[in-house]
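Visitor: Could you take me slowly through one part of this model, the place where two helices meet, and then set it beside the rest of the fold?

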Amino acid sequence: MAKKSDGKNLNGEGTVYQVNENKWCASIRLGRDSNGKPIRKQFTGKTERAVRSKLAQFKRDENAMKTVSLGKITVGEYAEKFMEMKKRVLKPLSYDRLNSVM
């Protein structure tokens with residue numbers, strides 16, 4: 001992870017830390033809600049490597065969704081792109097359940 005000179009993480013990098021002997025956590029701030037409270041996404045896992053992998057995948061998916069020009073595609077096309085990305089990370093039954101409501 002890239003670090004600033006004062007030892008803190010850069011904005012948007014996220015934080016990875018050990019919760020206890022058998023659990024790691026990653027947290028990334030996504031912004032603030034209407035009341036000014038931070039919005040965070042957290043990932044947990046048994047190893048630091050697994051948690052870093054989940055965080056990296058989330059950041060890749062977020063960047064991919066940001067590159068979509070919303071003014072030039074329909075809602076249906078956006079939903080198809082979203083489902084393509086989710087197919088890689090969801091279990092088959094979870095994907096089928098999500099796909100049935102879209």
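Guide: The crossing of helix H2 and helix H3 is right-handed, and, as everything here comes from a predicted model, it is best read as a description of that model. H2 covers residues 75-89 and H3 covers residues 92-101, and their axes come within 9 Å and cross at roughly 165°. Angles over 145 degrees count as roughly antiparallel, and therefore H2 and H3 are described as roughly antiparallel to each other. On the H2 side the contact is made by Phe-82, Met-83, Lys-86 and Lys-87, while H3 contributes Tyr-95, Leu-98 and Asn-99. Sorted by character, the residues of this contact divide into four nonpolar, one polar and two charged.

Apart from this helix pair, three strands form an open sheet in the order S1-S2-S3, with antiparallel pairing. The edge strands are S1 and S3, the latter spanning 38-45, and each of them pairs on one side only. Neighbouring strands of the sheet are turned against each other by 30° on average, with direction ignored. In general, strands of a sheet pair through backbone hydrogen bonds, either parallel or antiparallel. Here S1, residues 15-20, and S2, residues 23-32, pair in the antiparallel sense over five bridges, and a hairpin of two residues joins S1 to S2. Within this pairing, Asn-20 has Lys-23 in S2 as its bridge partner, whereas Gln-18 stands opposite Trp-24 in S2.

Methods:
Residues numbered from 1 in each chain as written. Predicted model: local features only at pLDDT ≥ 70, side-chain atom pairs only at ≥ 80, totals over all residues. Heavy atoms only, no water. Pairing = 2+ DSSP bridges. Helix = DSSP H or I, 4+ residues; strand = E, 2+ residues; numbered from the N terminus. Axes fitted to C-alpha atoms, helices over the stretch in contact; angles between N-to-C directions. Parallel < 35°, antiparallel > 145°, perpendicular 65-115°, else oblique. Left-handed = near helix turned anticlockwise from the far one by under 90°. Contact = heavy atoms within 4.5 Å. Nonpolar A, V, L, I, M, F, W, Y, C, P; charged D, E, K, R; others polar.
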